[in-house]
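The exercises below are meant to be worked through with the sequence and the coordinates side by side. Please try each task before reading its solution.

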Amino acid sequence: MAQFVARPYQIEDLAVLIRNPRHLEAQDPGGGKTYICGMFTQYIVQSTNEAVVWTMPGGIMKKNQRDILFCTNLAPEEVVIVEGGPQKRKEIYANPAIKVFLMTGATYAKEWELLPARVRHSFHDEIHLYYTTHNATRL
């Protein structure tokens, strides 16, 4: 498998995120935002011992999981897609080995209070795809 090498602008953007954690990383499609946020996720997990939740449409969850694993040194058992029935999801939330929880926006909206207290950071990817029209509802 190829080794990830960050581009200079990605390193610059990562530095901006480290200095300003509430920064909105918004670029054109294909600009490498997932890798930048993946590297920032690794920084958070390793420097604070806290966990992160990423929300996104279900159709890109596996792609984002692959991308996060590619651009970080996090292990597959640390970057987990929240799926399954209520009991399975509770087991996922209770697993202290998990550092990154990947879930849909709808799951996050319904279950954010079930996430462990160590989840102190969130990334929200492709949020414009969570709803289809100005008056659509999903909850």
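**Exercise 1: A backbone angle in a loop**

Asn 49 is found in the loop between helix 2 and strand 1, where helices (H or I, at least four residues) and strands (E, at least two) are DSSP runs numbered from the N terminus. The model is a predicted one, in which local features need pLDDT of at least 70 and side-chain atom pairs count only at pLDDT 80 or more, whereas totals for chains, interfaces and linings use all residues. Residues are numbered from 1 along each chain as its sequence is written, and side-chain values use heavy atoms, with hydrogens and water left out.

Task: State the sign of phi at Asn 49, and decide whether Asn 49 is buried or exposed.

Solution. Begin with the backbone: phi of Asn 49 is positive, at about 60 degrees, although this residue is not a glycine. Then turn to accessibility, for which buried means under 20% relative accessible area, exposed over 50%, and partly exposed in between (1.4 Å probe, protein chains only). Because its relative accessible area is 60%, Asn 49 is exposed.

**Exercise 2: The overall layout**

Task: Describe the order of helices and strands in the protein, and give the share of its residues that are buried.

Solution. First count the elements, which gives 5 helices and 4 strands. Next read them along the sequence, where the pattern is α-α-β-α-β-α-β-α-β. Of the 139 residues in the protein, 42% are buried. Finally, consider contacts (heavy atoms within 4.5 Å): among those with a separation of 6 or more, 53% are between residues 24 or more positions apart.

**Exercise 3: The nonpolar cores**

Task: Find which residues touch the most other members of the largest nonpolar core, and which element gives the largest share of this core.

Solution. Start from the definition: a nonpolar core is a set of buried Ala, Val, Leu, Ile, Met, Phe, Trp, Tyr and Cys residues joined through side-chain atoms within 4.5 Å. The largest such core has 22 residues, and Trp 54, Val 100, Leu 102 and Phe 123 are the ones that touch the most other members. Two or more residues of this core come from each of helix 1 (8-19), helix 2 (33-48), strand 1 (51-56), helix 3 (61-71), strand 2 (79-81) and strand 3 (100-104). Helix 2 gives the largest share, with 6 residues. Apart from this core lies another, of 11 residues, including Val 53, Ile 92, Tyr 93 and Met 103.

To see the surroundings of one member, take Leu 102: not counting residues up to four places away in sequence, Leu 102 touches Trp 54, Met 56, Met 61, Gln 65, Ile 68, Val 79, Val 80, Ile 81 and Val 82.

**Exercise 4: Two helix packings**

Task: Classify how helix 2 packs against helix 1 and against helix 3.

Solution. Axes are lines fitted to C-alpha atoms, for helices over the stretch in contact, and angles run from 0 to 180 degrees between N-to-C directions. Angles under 35 degrees count as roughly parallel, over 145 as roughly antiparallel, 65 to 115 as roughly perpendicular, and the rest as oblique.

For the first pair, the angle between helix 1 and helix 2 is about 45 degrees, with the axes 9 Å apart, and the two helices are therefore oblique to each other. Residues in this contact include Tyr 9, Asp 13 and Leu 17 of helix 1, together with Tyr 35, Met 39 and Tyr 43 of helix 2.

For the second pair, helix 2 and helix 3 pack at about 60 degrees, and their axes are 9 Å apart, so they too are oblique to each other. Among the residues that make this contact are Tyr 35, Gly 38 and Met 39 of helix 2, as well as Asn 64, Asp 67 and Phe 70 of helix 3.

**Exercise 5: Tyr 108 and its partners**

Task: Locate Tyr 108, and list the residues with which it is in contact beyond its neighbours within four places in sequence.

Solution. Tyr 108 lies in helix 5, which covers residues 105-111, and with a relative accessible area of 24% Tyr 108 is partly exposed. Leaving aside those neighbours, Tyr 108 is in contact with Val 53, Thr 55, Met 103, Leu 115 and His 124. For one of these pairs, Tyr 108 and Thr 55, the C-alpha atoms are separated by 6.9 Å, although the residues are 53 apart along the chain.
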